[in-house]
Amino acid sequence: MNRRRVLNLSLLGALLLVALALPYIGATSFVISLTSTILIAGILASSVNFLAGQGGMVSLGHAGIAAASAYGVGWASRQGMDTGVQVLIALGVTLVVSFIYGLLSMRTTGIYFLMVTLAVGMLVYGLAFRLSSVTNGENGISGIARPEWMGTYWTFYYVVLASFVLVTAALWVMGRSPFGASLTGLRDSESRMRSLGYSVPAYKLGAFMISGLVAGFAGLLAVWHTGFVSPSSAGVDRSTHLIVMVILGGIGTLLGPLIGASVVVLVENVLSSYVDRWPTVLGLIFIFVILFARAGIAGSVGKWIARARRRADHRPPGGRGSPVSEAVSDSNHSEEMNRKDLP
Amino acid sequence: MFEPIFLAQQALNGVSFGALLFLLASGLTLVFGLMRIVNMAHGAFYVLGGYVGVVVATLSGNLLLAGIAAVLVVSLTALIVEFGLLRFVRGQELPEVLLTIGVSFVIADLCLAIFGGDPQNLPVTVKIPGALVIGELTYPWYRIFVIGVALVIGVALVLVQSKTRIGAVVRAGVDDREMITAMGVNIKWVFTGMFVVGAGLAAVAGTIGAGMQSILPGVQNEVLLYALVVIIIGGLGSIPGAAVGSLLIGLIDAFAKAWIPELAYFTIFLPMALVLVFRPTGLFGRAA
C-alpha cells in the first residue's frame, strides 16, 4: 500500500514536471494548444467522473452546463462587459443551470438519472440553437477574447494546467471528506442512507452543484481557449464523449478522466486528419472497453500491476480485505456500481 | 394566429407528428419494459431505417417495399447488436446503455459514410398524392396516412400484448423473469425478439418519417430526445402511455413552433419536468 502510494505520487510528479516543462522543450504552439484542449476536456470529464465514480450518478448532460457557462461569457462579451463581469455572469449561469439539472434529477437514480440529464442537456442545446437573440443561433458567438494577461498561448496553457491541478486536487479532497463518504454511501445503498437519516435528494443536489460548478469552470476555460461557442458544444455527442472519456480512462479513478480525455481529443483532432471514419473508431474503442476492460485504462493498469506484483511475491491470490484487493479496490468502483439493480 | 383554419391545421400537424413519435417511442418503451434497457441506438435505428427506406423507395417507387426493406435491414442490424454485444452485458444496467451509445456512434457514422451528409426525403412519387379538402382547410393525405399507420400499429401492439401467447410471455417476462424461465420459456430469445421488434418499429418510423421531415446526420439525437421525453411522460414500458405522451408532445410541439419558435424545445421539456416532479413514474407508469 505504501509502496503503491509512493509510486503513484512519483508518477504524478513526473507527469506534472513534463507538463510544466512542455513549452520549454520545443513543443510547438499546436502541441501546446492541443494539450490545453486535453486538460480542459480533462477538467470537464473530472466533473462527470466525480458524480459517476463517487455518487454513482452517470450524467449525459454535462456538456450542456459547460456550454451554458460559455454562452454566459459569450453573451456578456457581446454586450461589451469587462472580464470580471463576464466571469460573474458565467458563474451565475452555471449555478442556475446546475441547480435546474440537480432539482430535476435529484429524485432519480440509474437510468432515470441518465435520461433526465440527457433531456436537460438537449434543452440547453435547443435554447442555444433557437434563442438566437441571445445565442446567435446556429452560427454561435465568436471573437470572445480572454483576459489580456493570459493572452499568449503559453500563459493560457499554464493557467489551464494550474486549473486542472487545482480542480483535481479539490475533487480528490472532496471525495475523501465526510460529504464524499456520504455520496459513496448513496452510491452503494440509497435505502440504507435514507434509513440512517440522510436526506438523499439534498446530497444528490449538493453533489450536482459541485460537479456543475467544475463543468461550468471548464466551459469558461474552453471559451477562452477557442474564443468561440456554438450549439454543438451543448450537444448530446459532446456529453456522450465525456462519458466515453470517463469510462475509457477508468471510472472513479484520479487520472482516468485525463487519460480518457487524451484518447478522445487525440482521436478527434489528430486521427481525424488521417481517418475519415474516426467516430466509428471512437465507437469501436468504446464498445471494446465496455466489453473487455470495464475498469478503463487507469483501472486496468492498476489491476495488471497488482496481479504482476502478486505473481512476483508468490503470494496466494488475495481474498476480500487483503492488502492486494484493497489496492485495486479503487478500480472496482465501476463494477460495484454496475451490479446495482434498478430501483 | 388564432383563426380556426390555422388552429385546425396546427392540430392536425400535431397529431400527425404525434403519430410519428408514437411509432418511434413504442419500440423504445417496449424494449425498456421488458429488458430494462434504454436503447440509445434507437435514434440511429430510425435514421438507418429512413435512409434505407428512401433509397429503396427511389429505386422501386413503392413505399411498402421500402418499409419492408428498411425493417429487414434494421432488424438484422439489431439482431447482430443484441446477439453479438448486448448478451455479454445482460443485466448490467449501465454497460448496456453505454454499449448502445457506442453502437449509435458507429451506425450514425457509417450512415454518413454510405448515404452522405445531404438531407434525404422520400421521393414525391411514392407518397400518397393530393390533399384532404374541407371548406378552406386543406391537409396532405400523406400525413393523414401516417396517423392511420400509427393507429393500426398501436392497436395491433395492444392486441398482441393482451390477447396472444407471445404477449402473455412478454408480460410475464416484465413481471417475473425467473418464474417465466422456470416455466420453460427461453427468456434470452424473448429479449432478442423484443429488441429486434423495437428496432423494426424504429425502421418503420424512419421510412414513414422521411416523408415528413428530412433524414440527415444529427437527426438521430433529435428523435431520440423526443422519444425519451415521450416515454418519460407516458411512463416507461407502457404502450398507452407512449400513445398519450406522443399526442401531447406532438400537439405542444406543433403549436409552440407556430407561436413561440424561439422556445420550441423548452415547451416540450416543460411538461416532462412537471411530470418528473409530480409523478416520477410517468402518467401510465408503474413503480419499478
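This report describes chain B of a predicted model, from its overall build down to one buried residue.

## Overall build

Chain B contains 11 helices and two strands. Read from the N terminus, the order of elements is α-α-α-α-β-β-α-α-α-α-α-α-α. The radius of gyration of chain B is 19 Å, close to the 19 Å that the globule rule gives for 288 residues, so chain B is as compact as a globular protein of that length.

Along the principal axes, the C-alpha atoms of chain B fill a box of roughly 60 × 45 × 35 Å. Of the 288 residues in chain B, 52% are buried. Among contacts in chain B with a separation of 6 or more, 76% are between residues 24 or more positions apart.

## The strand pair

Strand β1 of chain B covers residues 131–134 and strand β2 of chain B covers residues 137–140. The two strands run antiparallel and are joined by four bridges. One of the bridge partnerships links B:Ala131 with B:Pro140 in β2(B).

β1(B) and β2(B) form a hairpin with two residues between the strands. In this hairpin, B:Gly135 takes a positive phi near 60°.

## Packing of helices α1 and α5

Helix α1 of chain B spans residues 4–35, and helix α5 of chain B spans residues 141–163. They pack with their axes 9 Å apart, at an angle of about 40°. An angle of this size falls outside the ranges for roughly parallel, roughly antiparallel and roughly perpendicular, and α1(B) and α5(B) are therefore oblique to each other. Their crossing is left-handed.

On the α1(B) side, the contact is made by B:Leu12, B:Val15, B:Ser16, B:Ala19, B:Leu20, B:Phe22, B:Leu23 and B:Ser26. On the α5(B) side, the residues are B:Arg143, B:Val146, B:Ile147, B:Ala150, B:Ile153, B:Gly154 and B:Leu157.

## The setting of B:Val103

B:Val103 is found in helix α4 of chain B, which covers residues 93–115. B:Val103 has 25 C-beta neighbours inside 10 Å. A residue is buried if 20 or more other C-beta atoms lie within that distance, so B:Val103 counts as buried.

Which residues is B:Val103 in contact with, leaving aside its neighbours within four places in sequence? They are B:Ala41, B:Val81 and B:Leu85. B:Val81 is 22 residues from B:Val103 along the chain, and the C-alpha atoms of these two residues are separated by 7.8 Å.

Notes: Residues numbered from 1 in each chain as written. Chains lettered and ligands numbered in written order. Predicted model: local features only at pLDDT ≥ 70, side-chain atom pairs only at ≥ 80, totals over all residues. Rg over C-alpha atoms; globule rule 2.2 N^0.38 Å. Buried ≥ 20, exposed ≤ 12 C-beta atoms within 10 Å, placed from the backbone. Contact = placed C-beta atoms within 7 Å. Pairing = 2+ DSSP bridges. Axes fitted to C-alpha atoms, helices over the stretch in contact; angles between N-to-C directions. Parallel < 35°, antiparallel > 145°, perpendicular 65-115°, else oblique. Left-handed = near helix turned anticlockwise from the far one by under 90°.
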